Amino acid sequence: MKKTSHSVLDIFFTLALFCVFSASALVVVIIGADVYRKTTKSMEENFNILTATSYITQKLHQNDVENAVSIGEIEDIPALIITQNNDGTSFCTYIYEYNGNLQEQLVIDSTVPSLSGGQPIVAINSIDIVPINDKALQMEIVDAQNSKRTMLISFHCSQKVGEKND
């Protein structure tokens, strides 16, 4: 039997190669974890702002009837007000920002809503609603991460967007 001798240089080279491989694998895992964290954060931010804009847009398009949409206030907080008639009873849906959330509150038209009575929808910092003309609204929503989204919503009916008269 032939005995092979390993020199110190062979062992050192093998050990160095193993260390380089291990360090490379560790760097790849760290970079992958950072990419995953950033992607998850971005998806969460997009989810909140897109949920808020989609929710409001859908509500407005569901109620695209004459004189159904107005802008008003609940306790000095701006609110989008959607009026609906169901079996002779008039209801108002108030959409507004309160305590860092987009809130929705459904009340009978003659009832005075309170800020704390709303149902939280999604986390946002603010919502600004401005009528552009009789048939369009501009809304600016700032989410909890201060991402801003501005949208224009137009109405197809003979809508006249205005102030809620109480």
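Me: What share of the 166 residues in the protein is buried?

Reply: Burial describes how little of a residue is left accessible, and the cut-off used here is under 20% relative accessible area. In this model, which is predicted, buried residues make up 31% of the 166 residues in the protein. The accessible surface of the protein comes to about 10,800 Å², and carbon and sulfur atoms account for 58% of that area.

Me: Which helices and strands does the protein have, and in what pattern do they follow one another along the sequence?

Reply: One begins with the count of elements and then reads their order. The protein has 1 helix and 8 strands, and along the sequence these follow the pattern α-β-β-β-β-β-β-β-β. The helix, H1, covers residues 8-62, and among the strands are S2 at residues 77-86, S4 at residues 101-108 and S6 at residues 136-143.

Me: How should I read the radius of gyration of the protein against that of a compact globule?

Reply: The value is set beside the one expected for a compact globule with that number of residues. For 166 residues that expectation is near 15 Å, but the protein has 29 Å. The span of the C-alpha trace along the principal axes can be read next to this, and for the protein it is about 105 × 30 × 30 Å. As for contacts, among those between residues at least 6 apart in sequence, 39% join residues at least 24 apart.

Me: How many salt bridges does a search of the whole structure find?

Reply: A pair is counted when a side-chain nitrogen of Lys or Arg lies within 4 Å of a carboxyl oxygen of Asp or Glu. The search finds 3 salt bridges in the whole structure. One of them joins Asp34 to Arg37, with the closest N and O atoms 2.6 Å apart, and another joins Lys38 to Asp34, at 3.3 Å from N to O. Asp34, Arg37 and Lys38 are thus linked in a network of salt bridges.

Me: Where do Asp34 and Arg37 sit relative to one another in helix H1?

Reply: Here the spacing in sequence is the thing to read. Asp34 and Arg37 are 3 residues apart in helix H1, and therefore they are separated by about one helical turn. Lys38 and Asp34 also both lie in helix H1, where their spacing of 4 residues is about one turn of the helix. As to accessibility, Asp34 is partly exposed, with a relative accessible area of 28%, and Arg37 is likewise counted as partly exposed, at 47%.

Me: Which parts does the salt bridge between Lys59 and Glu104 tie together?

Reply: The side chains of Lys59 and Glu104 meet in a salt bridge of 2.9 Å, N to O. Lys59 lies in helix H1 and Glu104 in strand S4, so the pair ties together parts that are 45 residues apart in sequence. Lys59 is buried, with a relative accessible area of 18%, and Glu104 counts as buried at 17%.

Me: Does a buried charge have a salt bridge or lack one, in the case of Asp143?

Reply: One looks for the nearest side chain of opposite charge and asks how far away it is. Asp143, in strand S6, is buried yet has no salt bridge, and the nearest such side chain, Arg149, is 8.4 Å away. Leaving aside neighbours within four places in sequence, Asp143 is in contact with Glu45, Ile49, Ala123, Ile124 and Asn125. Across the protein there are 11 positive and 19 negative side chains, and the centres of the two sets lie 19 Å apart.

Me: What does Pro78 touch, not counting residues up to four places away in sequence?

Reply: Pro78, in strand S2, touches Gly72, Glu73 and Tyr96 when those close in sequence are not counted. Pro78 counts as partly exposed, at 40% relative accessibility. The C-alpha atoms of Pro78 and Met139 are separated by 12 Å, and the two residues are 61 residues apart along the chain.

Me: Where is Asn67 found, and where is Asn99?

Reply: Both residues come up when one reads the backbone angle phi and looks for positive values outside glycine. Asn67 has a positive phi of about 60° although it is not a glycine, and Asn67 lies in the loop between H1 and strand S1. Asn99 has a phi near 50°, again positive in a residue other than glycine, and is found in the loop between strand S3 and S4. Asn67 is partly exposed, with a relative accessible area of 49%, whereas Asn99 counts as exposed at 61%.

Key
Residues numbered from 1 in each chain as written. Predicted model: local features only at pLDDT ≥ 70, side-chain atom pairs only at ≥ 80, totals over all residues. Heavy atoms only, no water. Helix = DSSP H or I, 4+ residues; strand = E, 2+ residues; numbered from the N terminus. Rg over C-alpha atoms; globule rule 2.2 N^0.38 Å. Buried < 20%, exposed > 50% of the residue type's maximum accessible area, 1.4 Å probe, protein only. Contact = heavy atoms within 4.5 Å. Areas by Shrake-Rupley, 256 points an atom, 1.4 Å probe, with all protein chains shown as cover. Lys, Arg positive; Asp, Glu negative; His and termini not counted. Charge placed at Lys NZ, Arg CZ, Asp CG, Glu CD.
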